[in-house]
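Student: I am new to this structure and should like to understand the reasons behind the terms used to describe it. May we go through them in turn?

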Amino acid sequence: MSGPLLLAVESSCDETGIALIEGGRRILANVVASQVALHAGTGGIVPEVAARAHLRWIVPVLDAAWADAGVSWNDVGAVAVTRGPGLAGSLLVGVSFAKTLAWAHDKPLVGVNHLEGHLYAAWLLDPGDAERDEPPFPLVALVVSGGHTFLVEMQDHLTYRLLGQTVDDAAGEAFDKVGRLLGLPYPGGPSIQRAAEGADRHDAIFPRAWLRDSYDFSFSGLKTAARRIVDQARADAGLPADGSQPLAAEVTAELAWGFQEAVVDVLATKTIRAAEACGARSIVLGGGVAANAALRARLAGEAEACGLPLIVPRPGLCTDNGAMIGAAGAWRFAAGDRAGLDLDARPSLPLAER
Ligand code: KG4
Ligand code: ZN
């Protein structure tokens, strides 16, 4: 798609992101201010703290994006912003900021669904990347983030058929909770990956919830099992049950590996099965958990075995960022979407609603 330059704003959770994206694909700038360090102390996101940090960082992030892109307001065709789903206070900062920019510079405004953004990260090209074909339709996409886990079929741009979703917790939420159980630093996803990579033993068995032949997912039983397994490992090592003393590093590593393996097994198996059942011509992976090296490697191997291209954004484009909002926003803009200055934040916006 050739198309206008979009300035895109993302603030749905704990990353303040602003990007300048050309034609829905080419990244000119993509600046992300992460609040990970801010939330590490509490081991999770405190919504009010997150919203205040967005307020603190959104103008410096915009300044940095302009400096990286080397363009000006004259070049911008529209402003895109994440409208939901996400944390109400966090969303409100980005939506208010984007509305102000659009009004002050007389640019059209496009509201973007955050989950659609995660899907469209697969279309992005970094500044130095060679041109690359778009993911061919029909495709099957797996989105795995801190708040959502679902499989969709896309017959074409902006059209989704939901195949399955989590019936309880999101995959990222399970990573974060089990990371905490194991005493690993926040956020749990990258910490579990790192610990698992150091495992010498690969014997730990964690349960998989297959939910018969459906494309739905469930991770709450796995979380409960993880608690039981960690408690047992503490008892076996003669450690106090309250977690005040850490498990030996090699035990933590093996348990991290076993948990990760269980999540990856279910995600990869269902994705490949869905792709085959839908006659997909490609598979797309997105969302923060798609940054996971074990998931990427497993899906790459299985997709290759069935002759399907797998499109996975680099890890920095899997976790929250403005570029993906610019990509999805460009297709929405091309389809005629325009938001007014009454655009409101929608904390529980379903996929494909804007
Ligand atoms: O998409 P995202 O940045 O924010 C939401 O929209 O939720 O996803 C954040 C989630 C967190 O749960 C985090 O632990 C997980 O993505 N995550 C990972 C990895 N990197 C981030 N999970 C597993 N392995 C990783 N390498
Ligand atoms: Zn996200």
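Tutor: The following exchange treats a predicted model and takes up a metal site, a surface patch and a sheet.

Student: What makes His-114, His-118 and Asp-320 donors of the zinc ion (ligand 2)?

Tutor: A donor is an N, O or S atom within 2.8 Å of the metal. The atoms here are NE2 of His-114, NE2 of His-118 and OD of Asp-320, at 2.0 to 2.1 Å from the zinc ion, so they meet the cut-off. Their spacing in sequence is H-x3-H-x201-D. Because His-114 belongs to helix H4 (residues 114-120) and Asp-320 to the loop between helix H10 (315-318) and helix H11 (322-334), the pair ties together parts 206 residues apart in sequence. Both His-114 and Asp-320 are buried.

Student: Why is Val-46 called partly exposed?

Tutor: Its relative accessible area is 33%. Buried requires under 20% and exposed over 50%, so a value in between is called partly exposed. Val-46 sits in the loop between helix H1 (36-40) and helix H2 (47-69), and together with Leu-38 and Val-49 makes a nonpolar surface patch of about 210 Å².

Student: How do you know that strand S6 and strand S7 pair?

Tutor: Pairing requires at least two bridges. Strand S6 (residues 139-144) and strand S7 (residues 149-156) have six bridges, in the antiparallel sense, so the requirement is met. Within this pairing, Val-140 has Glu-153 in S7 as its bridge partner.

Student: What makes strand S8 and strand S10 edges of the sheet?

Tutor: The open sheet has five strands in the order S8-S7-S6-S9-S10, with mixed pairing. Strand S8 (159-165) and strand S10 (310-311) each have a single partner strand, so one side of each lacks a neighbour in the sheet.

Note on methods: Residues numbered from 1 in each chain as written. Chains lettered and ligands numbered in written order. Predicted model: local features only at pLDDT ≥ 70, side-chain atom pairs only at ≥ 80, totals over all residues. Heavy atoms only, no water. Donors = N, O, S within 2.8 Å, 3.2 Å for Na, K, Ca; no water. Helix = DSSP H or I, 4+ residues; strand = E, 2+ residues; numbered from the N terminus. Buried < 20%, exposed > 50% of the residue type's maximum accessible area, 1.4 Å probe, protein only. Patch = residues over 30% accessible without salt bridge, like charges linked within 9 Å, V, L, I, M, F, W, Y side chains within 5 Å. Areas by Shrake-Rupley, 256 points an atom, 1.4 Å probe, with all protein chains shown as cover. Salt bridge = Lys/Arg side-chain N within 4 Å of Asp/Glu carboxyl O.
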